[in-house]
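Me: I want the reasoning behind the labels, not just the labels. Take me through it briskly.

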Amino acid sequence: AKASYEKTIELVDKAEQYLVKNGATLKEHIVESNISLLELAQIRKQISLKKGHATISTLNESSLAMSFSNSNIEKIATQGPLTPDHVIRTKRIPLLLGTNIEADLNSYIEEYTKYFDNNKTNETLLNPTPNFAILCGEGSLSFGKNVKEANIIKDINEHTFEAILKAEKLGGYKALSSSKIFEVEYWSLEQAKLKKSTSSLEFSGQVAVVASGVLGIGLDIAKMLHARGAVVVILDINPEIETIFNKADAIGITCDLTSSEDIQKAIEITVKKFGGIDIIVGNVEILKPSDISDIQSDENWQESINVNLTAHQKLLKYTTPFLKLGINPSINMIAYKNFDAPAKGSDGQTQLAKVATLEHGEFDIPVNTITIFDTSNILANQKENNTNNILKINSQGISELVCTMASDTFTKTTDLML
């Protein structure tokens with residue numbers, strides 16, 4: 001085994017030296033993609049509709065992806081995969097996206113169907129929608145039913161881009177014929193997998209933004225949405241959020257939700273990583289003293305209004321364009337009435353939800369609100385003789401309710417106040 005390993009290293013070193021000697025090296029391409037975030041969301045929407053389910057779309061704007069997308073992609077991207085087995089993940093060729101998303105996508109599906117018809121014997125047609133796309137001059141996208149699948153395709157693409165670009169410097173890249181690739185893609189063992197019933201989690205492929213969620217009810221909501229298949233992006237002013245949620249499909253972003261700049265940056269990260277936004281959970285609150293004298297304190301008053309009301313307005317303002325392109329989109333508000341002092345934000349938040357209901361209705365985006373009158377009773381529901389929480393509802397119960405409101409069950413229910 002050791003001798004075999006050493007021989008492999010020796011041969012790889014010789015190959016690398018040959019590439020350098022013959023000029024098959026690549027310059028770093030440091031320009032970032034200029035594609036708009038809304039265009040990314042539109043692409044994901046179209047792909048999801050064609051695939052028949054919510055889909056994760058991951059932008060690759062690496063040096064290799066940018067170099068490849070700025071090359072003669074009509075020639076080098078349409079020959080076939082680097083190795084035949086990649087076709088199971090990537091399909092034979094990518095979608096080449098120009099300025100007309102719908103037309104390019106329909107053309108791809110038509111061509112894939114022809115490819116199938118020309119090579120089939122008794123196979124079952126796979127979904128003809130592409131699994132990745134080259135954005136002309138702007139990098140690439142990988143599509144998956146979840147983040148893991150999209151990232152696998154992204155990794156395959158990185159290796160493929162490098163190999164093809166270097167091959168072009170050595171005389172040109174040549175893939176196997178389409179008929180040979182078809183044999184691998186429609187191998188009988190792969191076809192057998194199609195006949196097995198497959199189930200997915202409730203929110204698979206959907207992207208949920210939870211604000212905020214470093215502790216308490218927001219934390220439990222984020223965890224439950226993730227457990228049910230959603231990609232979750234949790235925004236919180238506490239930097240610990242990035243440690244609490246640091247998985248590929250569950251990320252925390254340090255974000256001051258009263259800052260337009262912070263919210264827009266968080267949206268940019270979300271859309272580039274996952275393709276869009278489907279579910280909003282507005283859970284922003286600040287706990288201030290309940291003395292009536294707060295009305296006389298400009299600082300306390302303004303801070304409470306900024307966090308408990310304006311933060312929700314900003315969140316809706318900047319996410320709504322993406323919700324309009326979401327898959328089964330929904331807005332789910334959590335309003336807290338922990339205090340007796342008037343106008344602390346929660347009443348304004350429920351009114352904001354009513355206005356949002358009217359504005360979002362034509363786009364089939366339901367807006368529903370859960371009002372919590374005493375957080376302490378929710379988080380400590382086991383307290384004996386707790387007359388304010390008769391049903392002993394805890395944060396898990398609130399999370400269940402949020403998940404129900406974000407599900408297919410509530411697609412035609414809006415302006416609900418619970």
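Reply: Start with a helix on a sheet, in what is a predicted model. Helix α16 (residues 395–405) lies across β9 (279–282), β10 (330–336) and β11. Its direction is about 170° to β11.

Me: What makes α16 and β11 roughly antiparallel?

Reply: The angle between them is about 170°. Angles over 145 degrees count as roughly antiparallel. So α16 is roughly antiparallel to β11.

Me: Which strands does α12 lie across?

Reply: α12 lies across β5 (207–211), β6 (231–236) and β8. It runs at about 160° to β8. That is over 145, so this pair is roughly antiparallel too.

Me: What is the order of the sheet that holds β8?

Reply: The order is β7-β8-β6-β5-β9-β10-β11. These 7 strands form an open sheet with mixed pairing.

Me: Why are β7 and β11 called edge strands?

Reply: β7 (246–247) and β11 (367–372) each have a single partner strand, so one side of each lacks a neighbour in the sheet.

Me: How do you know that β7 and β8 pair?

Reply: Pairing needs at least two bridges. β7 and strand β8 (residues 250–254) share 2 bridges, so they qualify. The sense is antiparallel. Lys247 has Ala250 as its bridge partner in β8.

Me: What about the sheet with the order β1-β4-β3-β2?

Reply: It is an open sheet of 4 strands, again with mixed pairing. Its edge strands are β1 (56–60) and β2 (95–97), each paired on one side only. From one strand to the next, the twist averages 25°.

Me: What makes β2 and β3 a pair?

Reply: 3 bridges join β2 to strand β3 (residues 132–135). At least two are needed, so they count as paired. The two strands run parallel. In β3, Ile134 is the bridge partner of Leu96.

Me: Back to the helices. Why are α12 and α13 called roughly parallel?

Reply: Helix α12 (residues 260–274) and helix α13 (residues 298–323) have axes that cross at roughly 30° and come within 10 Å. Angles under 35 degrees count as roughly parallel. The two helices therefore earn that label. The crossing is right-handed.

Me: Which residues make the contact between them?

Reply: α12 supplies Ser260, Ile263, Gln264, Ile267 and Val271. α13 supplies Lys314, Leu315, Tyr318, Thr319 and Phe322. By class, that contact has 6 nonpolar, 3 polar and 1 charged residues.

Methods:
Residues are numbered from 1 along each chain as its sequence is written. This is a predicted model: local features need pLDDT of at least 70, side-chain atom pairs count only at pLDDT 80 or more; totals for chains, interfaces and linings use all residues. Side-chain values use heavy atoms; hydrogens and water are left out. Axes are lines fitted to C-alpha atoms, for helices over the stretch in contact, and angles run from 0 to 180 degrees between N-to-C directions. Angles under 35 degrees count as roughly parallel, over 145 as roughly antiparallel, 65 to 115 as roughly perpendicular and the rest as oblique. A crossing is left-handed if the near helix is turned anticlockwise from the far one by less than a right angle, and right-handed if clockwise. Contact means heavy atoms within 4.5 Å. Ala, Val, Leu, Ile, Met, Phe, Trp, Tyr, Cys and Pro count as nonpolar, Asp, Glu, Lys and Arg as charged, and the others, Gly among them, as polar.
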